[in-house]
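Me: I've got this model open at the bench and I'd like a close look at a single part of it. Could you take me through how two neighbouring helices pack, and then work outwards from there?

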Amino acid sequence: VPIPFEIGEEAYTVVMGKKLDFSAKRNIALAFFRLCLLADKVDVAFTHWEKIKDSLNINSDLYVVLLQLCKRHPQPFEQCKKVQQSLEARNKTPRLDARHYSLLIELHELAKDLEGAMNQYHLMVKEGVEPNDDVYHSILRVSVASGDVDVYNRFQLEFAKRQRRQEKQRKYNPEKEKRRLGGKLKRMDMLEAKAEMQKEIRSFAMSEATDVDENDHSEAE
């Protein structure tokens, strides 16, 4: 049975008032902000965020939820800036992955800010993060909204290349390849064993021939 939001908020407030380690508080905050996201209680989430932002060390998952809440905010881009500034002020911004960059680009998309979206994309590439499908979709949409045909054509081509690469990867079956290589190794082992056996047979035949020659020589004497 789903927990009513009010009960969840009350439980969160009580628990966060207790003495807990940083990891436990962060996990509780993550669970509560996810509840806010599901209940579409964005204003409540950011009210509580303001109370804990200076004392909480956030991780990648919590940052994802905060960015998702920013998207639902009446002023998404401005709210995102506030969250980023509060993290940067304490040097607490977690390492960004494709999920974060995707959401940040979507926030620039909401603001119809192609330049900002492209800056996030270039930063993403510079950091060695592989763009996901959402990144391409957002840049394609914001380029259409901005009327930038060159950017649209470029990213449509890059997205098509990405899809082809993914299709090749899907066709590659590691287990099948492992079985194929395993069979190949078995065949190689059998050939090597056969060659070794033939070598032993030849060696035995040669020793037998030598013994026969010695016996014949003895009888002749």
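Reply: Let's start with the crossing itself: H7 passes H8 in a left-handed fashion. Bear in mind that this is a predicted model, so treat what follows as a reading of that model. H7 covers residues 114–126, and it packs against H8 at an angle of about 150°, with the two axes 9 Å apart. Angles over 145 degrees count as roughly antiparallel, and therefore H7 and H8 are roughly antiparallel to each other.

Now for the side chains where they meet. On the H7 side you'll find Leu114, Ala117, Met118, Tyr121 and Met124. Facing them from H8 are Val135, Tyr136, Ile139, Val142, Ser143 and Ser146.

Tyr136 is a good residue to follow out of this contact. By the ring-pairing rule, the model has 6 aromatic pairs. One of them joins Tyr136 to Phe159, with 5.6 Å from centre to centre and 35° between the planes, which makes the pair tilted. Tyr136 sits in H8 (residues 133–146) and Phe159 in H9, 23 residues apart, so this pair links distant parts of the chain. Are these two rings buried or exposed? Tyr136 has a relative accessibility of 4% and counts as buried. Phe159 is buried too, at 11%. Elsewhere, ring pairs tie Phe5, Tyr12, Phe32 and Phe33 into a cluster.

Following Phe159 brings us to H9, and there the charged side chains are worth a look. Arg154 and Glu158 meet in a salt bridge, at 3.3 Å from N to O. Both belong to H9 (residues 149–171), and because they are 4 residues apart, about one helical turn separates them. Arg154 counts as partly exposed at 36% relative accessibility, and Glu158 is also partly exposed, at 22%. There's a network to look at as well: salt bridges link Glu130, Asp133, Arg162 and Arg165.

In total, the structure holds 10 salt bridges. Side chains of opposite charge can pair when their charged atoms come close. One to pull up on your screen is Glu106 with Lys71, where the closest N and O atoms are 2.4 Å apart. Glu106 is in helix H6 (residues 98–110) and Lys71 is in helix H4 (residues 60–72), 35 residues apart, so this bridge also links distant parts of the chain. The two ends sit in different surroundings: Glu106 is buried, at 12% relative accessible area, whereas Lys71 counts as partly exposed at 33%. Another bridge joins Asp97 to Arg99, with the closest N and O atoms 3.0 Å apart. Here Asp97 counts as partly exposed at 24% relative accessibility, and Arg99 does as well, at 35%.

Finally, step back to the whole chain. What does its secondary structure come to? There are 10 helices and 0 strands, so reading along the sequence you get the pattern α-α-α-α-α-α-α-α-α-α. The protein chain has 221 residues, and 31% of them count as buried. As for contacts between residues at least 6 apart in sequence, 67% join residues at least 24 apart.

Definitions and conventions:
Residues numbered from 1 in each chain as written. Predicted model: local features only at pLDDT ≥ 70, side-chain atom pairs only at ≥ 80, totals over all residues. Heavy atoms only, no water. Salt bridge = Lys/Arg side-chain N within 4 Å of Asp/Glu carboxyl O. Helix = DSSP H or I, 4+ residues; strand = E, 2+ residues; numbered from the N terminus. Buried < 20%, exposed > 50% of the residue type's maximum accessible area, 1.4 Å probe, protein only. Phe/Tyr/Trp six-rings, centres within 6.5 Å; stacked < 30°, edge-to-face > 60°. Axes fitted to C-alpha atoms, helices over the stretch in contact; angles between N-to-C directions. Parallel < 35°, antiparallel > 145°, perpendicular 65-115°, else oblique. Left-handed = near helix turned anticlockwise from the far one by under 90°. Contact = heavy atoms within 4.5 Å.
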